[in-house]
Amino acid sequence: MNLHEYQGKEILASFGVRIQRGIVAQSANEAVEAAKKLTEETGTGWHVIKAQVHAGGRGKGGGVKLAKNLKEVEEIAGQIIGMNLITPQTSAEGKKVHQVLVAEDVYYPGESETSEFYMSVLLNRGTGRNMIMYSTEGGMDIEEVAESTPHLIYTEEIDPATGILPFQARKIAFNLGLSGTAFKEMTKFVSSLYKAYVESDSSMFEINPVLKTSDDLIMAVDAKVTIDDNALFRRKQYAEMRDLREENPIEVEAGEVGLSYVDLDGNVGCMVNGAGLAMATMDLIKMAGGEPANFLDVGGTADAKRVEEAFRIILKDPAVKAILINIFGGIVRCDRVAQGVVDAYKNMGDAIQVPIIVRLQGTNAELAKEIIDNSGLAVHSAVQFQEAADKVKEVLA
Ligand code: GDP
Ligand code: MN
């Protein structure tokens, strides 16, 4: 589950990580009130107005702007709230902005220069350990840094038995070229950031930029946080931060009825039991010249009710030109699934306008084929994998 910047910062602050302070606002008026309050707390009259959407690169798309007085706060907030923000990380249509973060300006001039660093914490799947990735090249596209100057990206792996050790935090501060107050600030920043990542059950924390202010404070100016979905049951306070407006509506609906569904760009809908078989089915569709419209794992119980729910979810995608049902009857018997498909089809009446190919394999597969073939419905049956692929090809032609 992804979070907004302001939510990520809330978590960071609760673990003692210094952040650029801000208040979230739903309207231009609220933004002005937020700015006034921040000025009281921080003394700064300048504010940055930051669009809160689940996408990076907001600055490039015009979603992050500096306001030098309250009139500008009102103008800019009014302009950003309600806009369709297009960034390198959104689709071409962009993302609708519902709220902004009004934040204190932290790029004020002072004794020393400001510097922007990159830092993220994530799992290294190769070694099975968490790692901190960091770079002196912050503020910009880290993918580009990785491409053109990979030697400027460092990684520090953390032993799960000990957690981050003081020498590791010092090494990071040293590699970032810091000394004095900023060095000490960075060691504290790194240790608290790592603690926040572990104790919130996150799979990613990306802070870009980490800022060294002109008075040598180290703080998070941005926060991109992903909480592990499988941990949400024990992290209720974070589960409540979910913003469904940011998620794919079909995926949200599928989740509500307990289907594991991922929306994709293709034209062949898939209904499969088991994630591995679902992946293999998507390969099969590609080999037959189609493109999968979704990943859908119906799970263990493929009865009529479940099949009907899956049909309804798949058909919400207007790009679907055919549906391939590929079910292995191990625990569930194929004839029961076949009956489920037939019943669901009949229940749905005219809602199904695309050809359906059903491949059932496993217990009572032959009986299942008979049920499908004798149903009198526009459903094609197959027993072999290849046979199913050929039929997909046939109906797409
Ligand atoms: P992103 O574009 O979605 O990654 O959003 P960020 O939160 O990283 O902000 C984008 C850029 O806005 C940063 O890299 C900074 O250069 C700039 N920015 C953020 N906060 C401030 C601020 O307080 N003052 C000024 N002048 N610029 C800021
Ligand atoms: Mn950023």
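Okay, let's start with helix H1, residues 5-14, which lies across three strands, S1, S2 and S6, and runs at about 50° to S6. Strand S2 in that group is residues 47-51. Helix H3, residues 70-80, packs on the sheet too, where it touches S2, S3 and S6. The direction of H3 makes about 165° with that of S3. Before I go on, keep in mind that this is a predicted model.

So what is the sheet under those helices? Four strands make up an open sheet, in the order S1-S6-S2-S3, and the pairing is antiparallel. At the edges sit S1, residues 22-25, and S3, residues 64-67, each pairing on one side only. From one strand to the next, the twist averages 25°. If you want one pairing to look at on screen, take S1 with S6, residues 100-104: they pair in the antiparallel sense over four bridges. Val24 is the residue that stands opposite Leu101 in S6.

Now the ligand. How many residues surround ligand 1? There are 17, and the closest are Lys50, Arg58, Gly59, Asp105 and Val106. Lys50 brings a polar side-chain atom to 2.7 Å from an oxygen atom of ligand 1. The backbone joins in as well: a polar backbone atom of Gly57 is 3.3 Å from a ligand oxygen, and a backbone N or O atom of Glu104 lies 3.5 Å from an oxygen atom of ligand 1.

Val106 also turns up in another neighbourhood, that of Thr213. Thr213 sits in the loop between S10 and S11. Is Thr213 buried or exposed? It counts as buried, because its relative accessibility is 0%. Leaving out residues up to four places away in sequence, Thr213 touches Val106, Tyr108, Ser112, Glu113, Thr114 and Met219. The side chain of Thr213 also has a polar contact with the side chain of Asp215, at 2.5 Å.

While we're in that loop, have a look at Asp216. Asp216 lies between S10 and strand S11, residues 218-220. Its phi is near 70°, a positive value in a residue other than glycine. Most residues other than glycine have a negative phi. At 24% relative accessibility, Asp216 counts as partly exposed.

There's another aspartate with a positive phi, and that's Asp201, at about 55°. Asp201 is in the loop between helix H6, residues 180-199, and S10. Asp201 counts as buried, because its relative accessibility is 14% and the cut-off is under 20%.

That brings us to strand S10 itself, residues 202-212, and to Asn208, which lies in it. Asn208 is buried, with a relative accessible area of 15%. What is Asn208 in contact with, apart from its neighbours within four places in sequence? The list is Phe117, Tyr118, Gly138, Gly139, Met140 and Asp222. Two of those come with polar distances. A polar atom of the Asn208 side chain lies 2.6 Å from the backbone nitrogen of Gly139, and the Asn208 side chain reaches the backbone oxygen of Met140 at 3.0 Å.

Then there's the bond that follows Asn208. A cis peptide bond joins Asn208 to Pro209, with omega at about 10°, and Pro209 is found in S10 as well. Most peptide bonds are trans. For a sense of distance, the C-alpha atoms of Asn208 and Asn326 are separated by 43 Å, with their positions 118 residues apart along the chain.

Last stop, a pair of helices. H10 has 12 residues and reaches 16 Å from its first C-alpha to its last, close to the 16 Å expected. Its buried residues include Val307, Phe311, Ile313 and Ile314.

H11 is residues 334-348. At 1.5 Å a residue, its 15 residues should span 21 Å, and the end C-alpha atoms are 21 Å apart, so that agrees. Among the buried residues of H11 are Cys334, Val337, Val341, Tyr345 and Met348. What covers the buried residues of H11? The cover includes helix H10, residues 304-315, helix H12, residues 365-373, and strands S16, S17 and S18. Right after H11, Gly349 takes a positive phi of about 55°.

That's my tour, happy to go back to any of it.

Methods: Residues are numbered from 1 along each chain as its sequence is written. Chains are lettered from A and ligands numbered from 1 in the order in which they are written. This is a predicted model: local features need pLDDT of at least 70, side-chain atom pairs count only at pLDDT 80 or more; totals for chains, interfaces and linings use all residues. Side-chain values use heavy atoms; hydrogens and water are left out. Helices (H or I, at least four residues) and strands (E, at least two) are DSSP runs, numbered from the N terminus. The expected span of a helix is 1.5 Å times one less than its number of residues. Buried means under 20% relative accessible area, exposed over 50%, partly exposed in between (1.4 Å probe, protein chains only). Contact means heavy atoms within 4.5 Å. Two strands pair if DSSP finds at least two bridges between them. Axes are lines fitted to C-alpha atoms, for helices over the stretch in contact, and angles run from 0 to 180 degrees between N-to-C directions. A residue is near a molecule or strand if one of its heavy atoms lies within 4 Å of it. A polar contact is a pair of N or O atoms within 3.5 Å; within protein, one must be able to donate a hydrogen and the other to accept it, and residues adjacent in sequence count only if both atoms are side-chain atoms.
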